[in-house]
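Student: I should like a close look at a single part of this structure, namely its interior and the charged pairs that accompany it. Please treat the matter in one connected account.

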Amino acid sequence: MANTILNQTVIMLILIIVGIICAKTGIISKNANKDLSAFVLQIVNPVVILMAYQMEYRSDLVKNLLMCFLLSLMAFIIVIPLAYLLIPDKTERDTSVERFSAIYSNCGFMGIPLINALFGTEGVFYLTAFITFFNLFVWTHGIILISGEKSLKQVIKVFYSPTVIAIFLGVIMFFARIRIPSVPAQALEFIADLNTPMAMIVSGVTMADTNVTALIKKLRVYYIVLLKLIVLPLALAVVLTFLPADEKVRMTVLVAASAPPAAMCTLQCIRYNKNSVYASEIFTAGTILSIITLPTVVKLAELLFSLR
């Protein structure tokens, strides 16, 4: 598994570099990148999720999906308090940006292609459970964390996002055993195939504005990235080791939680006038270093899981 993750992360790095080149040469502007990001998040990702539910109904799939929902919820219950503990409040620091970056991962942009490479459509099927709780937490706790405001509208907004709607429709179609006809299904598969290249190119364009020289000097960035990519995932891996779940389920939750910091942090910082430059620096450093940390975490988790 670790070798598969390594190969996939290298492929994704190459695509990110393509995105950086596109940004530096002016092929993709900032405004165009926002549109591409919206297309990936609101069209491509939901289609990937919907098509993941186009599987033959099996009792073992249902059991594993329910277990993945349980483990995904548990992952956030573990990670959120740990992030608050390891990133204490200090007035001179952007604590909210740091905590958001440490808690929330790029489970859509990077999680989907990584899990697809590991376990195929079945893995993406399980990943929808993690993505569901990601959306529930990030649009409630995450927005409150960044904005400092509590809003019922944000809670309601979660339930009519394209991703949650796709999960809802997919679950209904899976249990009702409704299959999309072959011609539209093939069209949707073409859209789903755009996920990895487009998501990584968008990430590369987002990273292109980062001042690498300034980033290298900011040791605090590496502390947050270390928490996000190593400390919190390994704490989660230890807990997962002792739970009676299928290894695919445990590894899906772990990889999703171990993905680099969510790009959404930068977007929400721009929206609420927080330190978006700092958020982008953490995102950039985390994305680059995940090429090393993701295979490492997966290898260590494999060793832990084998001890059961």
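Tutor: The account below goes from the nonpolar core to a buried serine, then to the cavity and the salt bridges.

The model is predicted, so local features need pLDDT of at least 70 and side-chain atom pairs count only at pLDDT 80 or more, while totals for chains, interfaces and linings use all residues. Residues are numbered from 1 along each chain as its sequence is written, and side-chain values use heavy atoms, with hydrogens and water left out.

The largest nonpolar core (a set of buried Ala, Val, Leu, Ile, Met, Phe, Trp, Tyr and Cys residues joined through side-chain atoms within 4.5 Å) has 101 residues. Helix α5, residues 111–147, gives the largest share of this core, 19 residues. Helices here are DSSP runs (H or I) of at least four residues, numbered from the N terminus. Buried denotes a relative accessible area under 20%, exposed one over 50%, and partly exposed the range in between, with a 1.4 Å probe and protein chains only. The residues with the most contacts inside the core are Tyr104, Phe125, Phe130, Leu236 and Met251. Leaving aside neighbours within four places in sequence, Met251 is in contact (heavy atoms within 4.5 Å) with Met1, Ile115, Leu118, Phe119, Val298, Ala301, Glu302 and Phe305.

A polar residue, Ser290, belongs to helix α14, residues 276–306. Ser290 counts as buried because its relative accessible area is 0%. A polar atom of the Ser290 side chain lies 2.7 Å from the backbone oxygen of Thr287. Not counting residues up to four places away in sequence, Ser290 touches Thr9, Met110, Leu229, Pro260 and Pro295.

The model also holds 1 cavity of 30 Å³ or more. A cavity is a set of points, on a 1 Å grid over the protein atoms alone, where a 1.4 Å probe fits but cannot get out; lining residues have an atom within 4 Å of a point. Grid points are joined across faces, edges and corners, and the volume is the space filled by probe spheres set on the points. The largest cavity has a volume of about 80 Å³. Its lining includes Phe76, Val79, Ser105 and Lys228, and also Tyr104 and Phe130, two residues listed among those with the most contacts inside the core. Helices α3, α4 and α11 (219–241) each supply at least two lining residues, and α3 contributes the largest share, 3 residues.

Turning to charge, the count comes to 6 salt bridges, each a side-chain nitrogen of Lys or Arg within 4 Å of a carboxyl oxygen of Asp or Glu. In one of them, Lys248 pairs with Glu122, the closest N and O atoms being 3.3 Å apart. Lys248 lies in helix α12 (residues 247–258) and Glu122 in helix α5, so the pair ties together parts that are 126 residues apart in sequence. Lys248 is partly exposed at 30% relative accessible area, whereas Glu122 is buried at 15%.

Another salt bridge joins Arg179 and Glu56 (2.8 Å, N to O). This pair links distant parts of the chain, 123 residues apart: Arg179 is in the loop between α7 (162–176) and α8 (182–192), and Glu56 in the loop between α2 (30–52) and α3 (59–86). Arg179 is partly exposed, at 43%, and Glu56 is exposed, at 57%.

Technical notes
Polar contact = N/O pair within 3.5 Å; in protein donor to acceptor, adjacent residues only side chain to side chain. 1 Å grid on protein atoms, 1.4 Å probe; cavity = no way out; pocket = protein on both sides within 12 Å on 5 of 7 lines; lining within 4 Å.
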